[in-house]
Amino acid sequence: MKNFLSRLSPPRLRTGALASTAVLAAFTLSACGGHLLSETDPASRDAAFTAVPAPAEDLAKNVIDAIKPNPALTASLPAGIQLSGIKMTTSEGYPPMEMFATDGKTLIGVDPSIGRAVANKLGVPLTINNEDFNSQIPGVITGRYDWIMSSMTDNAERRKTVTFVDYVRSGNGWVVKAGNPQGMSDAASACGKTIAVVDNGSSLTLAESFDAACTAAGKKGINIIKFAGDQEAILQVRNGRAAAGINDYPVAAYRAQTSNGALEAVAIKGDENPWGIAMKPENKALIVAVQKALQELVDDGSYAKVLDAWNVAKMNVGSATINDGK
């Protein structure tokens, strides 16, 4: 969610390029210089692009490595991108959306996986850079990056400066015991139950709003118990003291995925918003190509498999749209 109050750890400033693919692999060279992929015939374009395999710790590696480029989309890209590939920025520190692999430098997670998948469909190399979140939009506007994939909510304020191709939808989620024994679903399902949250965090604010809604509706309020950290709050769910904890949905899904089957994530219905791939509005050819590439991945099932690999299937947008946020 583009609510960074809930990030698990502050993003580290790290601007070194982390090449996920070899930049020069996208074009051929002759004695006269480089040729755009669009200047070759379709068969040659297919042969010219060889995606570097996704990192071993990318949970969607098998899906990403199997994606074939669409030569028509490659030909529709701006000349500069055909020649040098796509420069993507993200912000490490928000698992499972964006994080470092065990080598401490390779970026993996939902956003790098989808970014690599889209780049493979476009038939161009992708370079992923870690960047402070607040520096990312200026980086796109000045041309330092071609797109942002950093769990960025598509909203009206941001659309004043960037255009989004929306690639996931997310809101908040309950972390519950496996099997969801207390039937957590929407906000009203918490009425009369105990909910564990991080003190002074966004989850506390949300729980308090749910509690107010319960009492306003004439139902029992919520017993909110507060803890200094998320792990302590989740422990109350494990030991049965609380019916649920609250996180951003992908964080809840990550907690469940790494719990050895003890926990489950349940999306809180009604508060989802789209997160988008942010690009410079003037870069219309790239925006259209990205939307079409993502839609092809949706249609052939690759997109859903990437989400499944990271245990965030409920973030599926269904179709690739432009500026669909509120």
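**Stop 1: two crossing helices**

Select helix 5 (residues 110–122) and helix 10 (residues 284–300) in this predicted model. Their axes come within 9 Å and cross at roughly 105°. Angles of 65 to 115 degrees count as roughly perpendicular, so that is the label for helix 5 and helix 10.

Now show the side chains where the helices meet. On the helix 5 side, pick I114, A117, V118, K121 and L122. On the helix 10 side, pick A289, V290, A293, L294, E296, L297 and D300. What kinds of residues make up this contact, nonpolar, polar or charged? Try colouring by residue type: you'll get nine nonpolar, no polar and three charged.

**Stop 2: the whole protein**

Zoom out and switch to cartoon view. The protein has eleven helices and 16 strands. It is 326 residues in total, and 53% of them count as buried.

How much of the contact in the protein comes from residues 24 or more positions apart? Taking the contacts with a separation of 6 or more, such residues account for 76%. Keep that in mind as you click on single residues at the next stops.

**Stop 3: K87**

Select K87, which sits in strand 4 (residues 86–90). Is K87 buried or exposed? Somewhere in between: its relative accessibility is 32%, so K87 counts as partly exposed.

Next, display what K87 touches. Skipping its neighbours within four places in sequence, K87 is in contact with T127, G143, R144, Y145, D146 and W147. Then draw a distance from the C-alpha atom of K87 to that of N129: the separation is 7.5 Å, although these two are 42 residues apart along the chain.

**Stop 4: N62**

Jump to N62 in helix 2 (residues 61–65). With a relative accessible area of 68%, N62 is exposed; the cut-off for that word is over 50%.

Add K305 to your selection. N62 and K305 are 243 residues apart along the chain, yet their C-alpha atoms are separated by 9.7 Å.

**Stop 5: a pocket**

For the last stop, turn on a surface. Rolling a probe the size of a water molecule over the atoms shows where empty space is left. Head for the second largest pocket, which holds about 200 Å³ of space. Which residues are the closest to its centre? Select F49, A51, D65, I67 and K68; they belong to a group of twelve that line this pocket. Colour the lining by type and you'll see seven nonpolar, two polar and three charged residues.

Conventions:
Residues are numbered from 1 along each chain as its sequence is written. This is a predicted model: local features need pLDDT of at least 70, side-chain atom pairs count only at pLDDT 80 or more; totals for chains, interfaces and linings use all residues. Side-chain values use heavy atoms; hydrogens and water are left out. On a 1 Å grid over the protein atoms alone, a cavity is a set of points where a 1.4 Å probe fits but cannot get out, and a pocket is an open set with protein on both sides within 12 Å along at least five of seven lines; lining residues have an atom within 4 Å of a point. Grid points are joined across faces, edges and corners, and a volume is the space filled by probe spheres set on the points. Ala, Val, Leu, Ile, Met, Phe, Trp, Tyr, Cys and Pro count as nonpolar, Asp, Glu, Lys and Arg as charged, and the others, Gly among them, as polar. Axes are lines fitted to C-alpha atoms, for helices over the stretch in contact, and angles run from 0 to 180 degrees between N-to-C directions. Helices (H or I, at least four residues) and strands (E, at least two) are DSSP runs, numbered from the N terminus. Angles under 35 degrees count as roughly parallel, over 145 as roughly antiparallel, 65 to 115 as roughly perpendicular and the rest as oblique. Contact means heavy atoms within 4.5 Å. Buried means under 20% relative accessible area, exposed over 50%, partly exposed in between (1.4 Å probe, protein chains only).
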